[in-house]
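Please work through the following exercises with the structure in view, trying each task before you read its solution.

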Amino acid sequence: MNKTDKPPFDPELLDGYVKIDQYNRDSVNRIADHYGDILKALGEDPAREGLLKTPERVAKSLHFLTHGYDINPAEILKSAMFKEEYSQMVVVKDIEVYSLCEHHMLPFFGKAHIAYIPDGQIVGLSKIPRVVDAFARRLQVQERLTNEIRDCIHDTLKPLGVAVVIECRHLCMAMRGVQKQNSVTTTSAFTGEFAQERTRNEFLRLITANLD
């Protein structure tokens with residue numbers, strides 16, 4: 001490299017890279033201040049080396065884990081709706097779910113399986129997992145999360161029916177309280193054609209089938 005050329009990075013900046021965080025600084029500072037007090041209340045020393053940046057990290061983490069409040073899930077669907085004369089079931093299964101229980105603010109995580117039967121309109125397949133994330137990245141209970149996903153797809157796409165099944169492990173059950181590490185919670189919600197046993201059973205068969 002020519003001596004007059006600038007180096008590709010400044011080695012004094014974070015060991016060679018600059019990290020850009022897109023956060024509301026005032027909000028981060030307010031949350032971080034509270035977490036400093038929480039650490040003290042737990043008997044910790046917020047001034048020790050390992051905890052110096054913990055309050056700020058937790059504040060940024062909470063902003064990321066709850067960024068679904070800033071997203072309109074219906075607009076996600078509207079951005080990729082297309083007219084199509086397809087009237088059979090569309091299934092998107094094994095969608096990863098990560099959320100925070102609103103009772104203890106501990107994670108619950110698992111998979112969502114979603115189907116709809118179009119009525120003249122289909123939606124880009126990637127938009128369905130995005131809708132799941134938009135609702136999951138909020139303080140939640142699994143039951144409400146299931147209904148919100150169903151209602152958003154039903155009200156926006158106006159299909160002949162919607163089916164949602166979510167299976168999750170809850171750390172508020174595994175790490176505290178009843179401490180049942182292997183328990184799984186399953187919730188479901190259906191509209192329209194999926195109220196019929198035959199259609200619902202076909203959906204359940206498809207989400208449990210191994211297509212490999």
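**Exercise 1. Find the residue in E6 that stands opposite Phe-109, and then describe how the strands around it are paired.**

Step 1. Phe-109 stands opposite Arg-169, a residue of E6, in a model that is predicted, where local features need pLDDT of at least 70, side-chain atom pairs count only at pLDDT 80 or more, and totals for chains, interfaces and linings use all residues. Residues are numbered from 1 along each chain as its sequence is written, and side-chain values use heavy atoms, with hydrogens and water left out.

Step 2. Strands E3 and E6 run antiparallel and are joined by ten bridges; two strands pair if DSSP finds at least two bridges between them, and the elements themselves are DSSP runs numbered from the N terminus (helices are H or I with at least four residues, strands are E with at least two).

Step 3. E3 is also joined to E2, by nine bridges, and these two strands run antiparallel. Val-97 has Gly-110 in E3 as its bridge partner.

Step 4. E2 and E3 form a hairpin with five residues between them, and in the turn Met-105 has a positive phi of about 55°.

**Exercise 2. Identify the residues with the most contacts inside the largest nonpolar core, and the elements that give two or more residues to this core.**

Step 1. A nonpolar core is a set of buried Ala, Val, Leu, Ile, Met, Phe, Trp, Tyr and Cys residues joined through side-chain atoms within 4.5 Å, where buried means under 20% relative accessible area, exposed over 50%, and partly exposed in between (1.4 Å probe, protein chains only).

Step 2. The largest such core has 29 residues, and those with the most contacts inside it are Ile-114, Tyr-116, Leu-145, Ile-149 and Ile-153. The elements giving two or more residues to this core are helices H3 (73–78), H4 (127–136) and H5 (142–157), together with strands E2 (90–101), E3 (107–117) and E6 (161–170). H4 gives the most, with six residues.

Step 3. If neighbours within four places in sequence are left aside, Ile-153 is in contact with Leu-77, Ile-114, Tyr-116, Lys-158, Pro-159 and Val-162, contact being heavy atoms within 4.5 Å.

Step 4. There is also a second, separate core of eight residues, which includes Met-89, Ile-117, Ala-163 and Phe-203.

**Exercise 3. Explain why the rings of Phe-190 and Phe-203 count as an edge-to-face pair, and state which residues the ring pairs link into a cluster.**

Step 1. The structure holds two aromatic pairs; rings of Phe, Tyr and Trp (its six-membered ring) pair if their centres lie within 6.5 Å, and planes under 30 degrees apart count as stacked, over 60 as edge-to-face and the rest as tilted.

Step 2. The ring centres of Phe-190 and Phe-203 are 6.4 Å apart and their planes stand at 80°, so this pair is edge-to-face. Because Phe-190 lies in strand E7 (residues 185–192) and Phe-203 in helix H7 (residues 197–208), the pair ties together parts that are 13 residues apart in sequence.

Step 3. The rings of Phe-194 and Phe-203, with centres 5.9 Å apart and planes at 75°, are likewise edge-to-face. Ring pairs thus link Phe-190, Phe-194 and Phe-203 into a cluster.

Step 4. Phe-190 counts as partly exposed, at 25% relative accessibility, whereas Phe-203 is buried at 0%, and Phe-194 is buried with a relative accessible area of 0%.
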